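Me: I am a first-year student and I should like a close look at a single part of this protein. Could you take one helix and explain how the rest of the chain is arranged around it?

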Amino acid sequence: MSTRSVLVTGGAGFIGSHVAQRFAQQGFEVRVLDDLSSGTRANCDASWPLHEADVCDAAALDRATDGSEVVVH
């Protein structure tokens with residue numbers, strides 16, 4: 001069975017990083033989309049790809065969601 005993947009928008013913030021951590025504990029491949037305006041890279045596990053962009057950037061959102069089964073916003 002393949003690993004399920006999730007994109008967490010705002011995943012570098014306090015709440016988003018905890019949501020991402022919970023998904024990681026459940027065996028999901030985690031990806032994060034965050035503009036780092038209030039979050040920080042230090043909140044993200046080093047194994048999580050971090051897409052540094054605004055959620056309103058359609059092209060960046062397309063890249064970040066590519067291959068994700070679930071998006072948590």
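Reply: What follows begins with the whole chain, turns to helix α1, and then follows the surroundings of that helix outwards.

The model is a predicted one. The protein has two helices and four strands, and along the sequence these elements come in the pattern β-α-β-β-α-β. Its C-alpha atoms fill a box of roughly 35 × 25 × 20 Å along the principal axes. For 73 residues, a compact globule would have a radius of gyration near 11 Å, and the value found for the protein, 11 Å, agrees with this. Of the 73 residues, 33% count as buried. Among contacts between residues at least 6 apart in sequence, 54% join residues at least 24 apart. The accessible surface comes to about 4,500 Å², and 50% of that surface belongs to carbon and sulfur atoms.

Helix α1 comprises the 12 residues 14-25. At 1.5 Å a residue it should span 16 Å, and the separation of its end C-alpha atoms, 17 Å, agrees with that expectation. Which residues of α1 are buried? They are Gly-16, Ser-17 and Ala-20. Viewed down the axis of α1, these buried residues fall within an arc of 95°, so they line one face of the helix. An α-helix has 3.6 residues a turn, so residues three or four places apart point the same way. On the other side of α1, the exposed residues are Phe-14, Ile-15, Arg-22 and Gln-25. The buried residues, for their part, pack against two strands, β1 (5-9) and β2 (29-34).

The chain then leaves the helix. Just after α1, Gly-27 takes a positive phi of about 95°. Phe-28 lies in the loop between α1 and β2. Phe-28 has 13% relative accessibility and therefore counts as buried, the limit being under 20%. Leaving out residues up to four places away in sequence, Phe-28 touches Thr-3, Arg-4, Ser-5, Val-6, Phe-23 and Val-70. The C-alpha atoms of Phe-28 and Glu-69 are separated by 9.9 Å, although these residues are 41 apart along the chain.

Ala-20 and Phe-28 both belong to the largest nonpolar core, which has nine residues in all. The other members are Val-6, Val-8, Ala-12, Val-30, Val-32, Cys-44 and Trp-48. The elements that give two or more residues to this core are β1 and β2. In soluble globular proteins, nonpolar side chains tend to be buried together. Within this core, Val-6 offers a useful example of contacts. Not counting residues up to four places away in sequence, Val-6 touches Phe-23, Phe-28, Glu-29, Val-30, Arg-31, Ser-68, Val-70 and Val-72.

Apart from this core lies another, of five residues, which include Leu-7, Leu-33, Ala-60 and Ala-64. Ala-64 is found in helix α2, residues 58-65. With 0% relative accessibility, Ala-64 counts as buried. Beyond its neighbours within four places in sequence, Ala-64 is in contact with Leu-7, Arg-31, Leu-33 and His-51. The C-alpha atoms of Ala-64 and Val-30 are 11 Å apart, with these positions 34 residues apart along the chain counted as their separation.

Arg-31, one of the contacts of Ala-64, lies in strand β2. Its relative accessibility is 13%, and Arg-31 therefore counts as buried. Setting aside neighbours within four places in sequence, Arg-31 is in contact with Val-6, Leu-7, Val-8, Pro-49, Ala-64, Thr-65, Asp-66, Gly-67 and Ser-68. Arg-31 and Leu-61 are 30 residues apart in sequence, and their C-alpha atoms are 12 Å apart.

Beyond β2, the chain enters the loop between β2 and β3 (50-52), where Leu-36 has its place. Leu-36 has a positive phi of about 60° although it is not a glycine. Ser-38 is in the loop between β2 and β3 too. Is Ser-38 buried or exposed? At 72% relative accessibility, Ser-38 counts as exposed. The C-alpha atoms of Ser-38 and Ala-58 are 21 Å apart, and these residues are 20 apart in sequence.

To return to the helix: the buried residues of α1 line one face and pack against β1 and β2, while Phe-14, Ile-15, Arg-22 and Gln-25 are exposed on the other side.

Notes: Residues are numbered from 1 along each chain as its sequence is written. This is a predicted model: local features need pLDDT of at least 70, side-chain atom pairs count only at pLDDT 80 or more; totals for chains, interfaces and linings use all residues. Side-chain values use heavy atoms; hydrogens and water are left out. The expected span of a helix is 1.5 Å times one less than its number of residues. Buried means under 20% relative accessible area, exposed over 50%, partly exposed in between (1.4 Å probe, protein chains only). The arc is that of the directions from the helix axis to the C-beta atoms. Contact means heavy atoms within 4.5 Å. The radius of gyration is taken over C-alpha atoms; the globule rule is 2.2 Å times the number of residues to the power 0.38. Accessible areas come from the Shrake-Rupley method with a 1.4 Å probe; for residues, only the protein chains shown count as cover. A nonpolar core is a set of buried Ala, Val, Leu, Ile, Met, Phe, Trp, Tyr and Cys residues joined through side-chain atoms within 4.5 Å.
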